Amino acid sequence: MSLINYSNEKLFDRILNNKSNKYYWKYISELRKRKSKDVFEKSIELTKSEISKEKIIGINVLAQFGYPRLHQKEILKIYFSLLKTENDKNVISSILYAIGHNNDKLTEKQIDIICSFKNHKSVNVRHGLVSAILAIDKIKTINTLAQLTKDKDSDIRDWATFGLGTQIETDNKIIRETLWERINDNDENTRFEAIFGLAKRKDENIKDVLKNELLKIDEFGSLILEAIEEFNDKEFINLIEEQIKKNKTLKKVNEDWLLESLKKLKQSV
């Protein structure tokens, strides 16, 4: 389905009135690409609607409006104004996800506002918060992510651990202790993200964990190999070579991954 020839009015009409959400994000994406004043103003108008669905459409279009991004400061002002009074969990989560696309220059006050949602009862809101603060390397966001790595929802734990372990450069006791708490998480993705975060920080105690994970690596273990590359210890050269030999019979993992990791290790250590 080509949307290029659709007028702005027709796109908004479709997204507002279609009963099916099948093409929802295609319409949103097309509107975002259009830099016209009427799309921008219509989206702002929708954020003022009393109808949650309409408000969310406006929020979503503005989240990545223009290529390159346009009116970012004004859009953030709209989002934070909405957060002052909004009670609908779906609208709040949409705002937080949208802020995540525009979070490179948030003020301390704005960070405090979004982090206040860390105890919200809605899973979608808490997940949106993780998205909103990813890659923000500040004490407040680090402490908030640390709390969310303990969330009852595995997706939130996964993304919060990813944010803490991979998306920021800070290395301190709080981060390391938080990542170690997730080493035995029952969610595999969360566990792998914790391992990677500790390997990135060259935590010596993660070495034995990496060795054990390499021995049982399977088709979903690419992140473990990336963690080994990040840890960058020459002892793993022989261990990977042994694993390549075993894998020729067992075929548990993509051999190209093993060969690529071996190559990178040999080049770097």
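Visitor: What makes Lys248 count as partly exposed?
Guide: Lys248 has a relative accessible area of 48%. Partly exposed covers values between 20% and 50%. The 48% of Lys248 falls in that range, so the label fits. Keep in mind that this is a predicted model.

Visitor: How do you know that Glu255 and Lys248 form a salt bridge?
Guide: Their closest N and O atoms are 3.1 Å apart. The cut-off is 4 Å, between a side-chain nitrogen of Lys or Arg and a carboxyl oxygen of Asp or Glu. The pair passes, so the name applies. Glu255 is also partly exposed, with a relative accessible area of 26%.

Visitor: Which residues do shared salt-bridge partners join into one network?
Guide: Asp171, Arg176, Arg201 and Asp203. One link in the network is the salt bridge of Arg176 and Asp171, at 2.7 Å from N to O. That value is within 4 Å, so this link qualifies.

Visitor: Are Arg176 and Asp171 buried, partly exposed or exposed?
Guide: Arg176 has 23% relative accessibility. Asp171 has 37%. Buried needs under 20% and exposed needs over 50%. Neither label fits, so Arg176 and Asp171 count as partly exposed.

Visitor: What makes the pair Glu45 and Lys42 a salt bridge?
Guide: Their side chains meet at 3.9 Å, N to O. The limit is 4 Å, so the pair counts.

Visitor: Why are Glu45 and Lys42 separated by about one helical turn?
Guide: They are three residues apart in helix α3, residues 37-47. An α-helix has 3.6 residues a turn, so residues three or four places apart point the same way. Glu45 is partly exposed at 48%, and Lys42 is partly exposed at 26%.

Visitor: How many salt bridges does the count come to?
Guide: The count comes to 23.

Visitor: Why is His127 called buried?
Guide: Its relative accessibility is 18%. Buried means under 20%, so His127 qualifies. His127 is found in helix α8, residues 123-133.

Visitor: How do you know that a polar contact joins His127 and Tyr97?
Guide: Their side chains are joined at 3.0 Å. The cut-off for a pair of N or O atoms is 3.5 Å, so the distance passes. Leaving aside neighbours within four places in sequence, His127 is in contact with Tyr97, Asp155, Ile156 and Trp159.

Visitor: Why is helix α14 described as largely enclosed?
Guide: Seven of its ten residues are buried, so the rest of the structure largely encloses α14, residues 222-231. The buried residues are Leu223, Ile224, Leu225, Ala227, Ile228, Glu229 and Phe231.

Visitor: What covers the buried residues of α14?
Guide: The cover includes α12 (188-200), α13 (207-215), α15 (235-250) and α16 (255-268). After α14 comes Asn232, whose phi is positive, near 60°.

Visitor: How many cavities of 30 Å³ or more does the count give?
Guide: One. The largest cavity has a volume of about 50 Å³.

Visitor: Which residues line the largest cavity?
Guide: Arg14, Ile15, Asn18, Ser20, Asn21, Tyr23, Tyr24 and Tyr27. Helices α1 (8-17) and α2 (24-33) each supply at least two residues of this lining.

Visitor: What classes make up the lining of the largest cavity?
Guide: Four residues are nonpolar, three polar and one charged. Tyr counts as nonpolar here, so Tyr23, Tyr24 and Tyr27 belong in that class.

Key
Residues numbered from 1 in each chain as written. Predicted model: local features only at pLDDT ≥ 70, side-chain atom pairs only at ≥ 80, totals over all residues. Heavy atoms only, no water. 1 Å grid on protein atoms, 1.4 Å probe; cavity = no way out; pocket = protein on both sides within 12 Å on 5 of 7 lines; lining within 4 Å. Points joined across faces, edges and corners; volume = space filled by probe spheres on them. Helix = DSSP H or I, 4+ residues; strand = E, 2+ residues; numbered from the N terminus. Buried < 20%, exposed > 50% of the residue type's maximum accessible area, 1.4 Å probe, protein only. Polar contact = N/O pair within 3.5 Å; in protein donor to acceptor, adjacent residues only side chain to side chain. Contact = heavy atoms within 4.5 Å.
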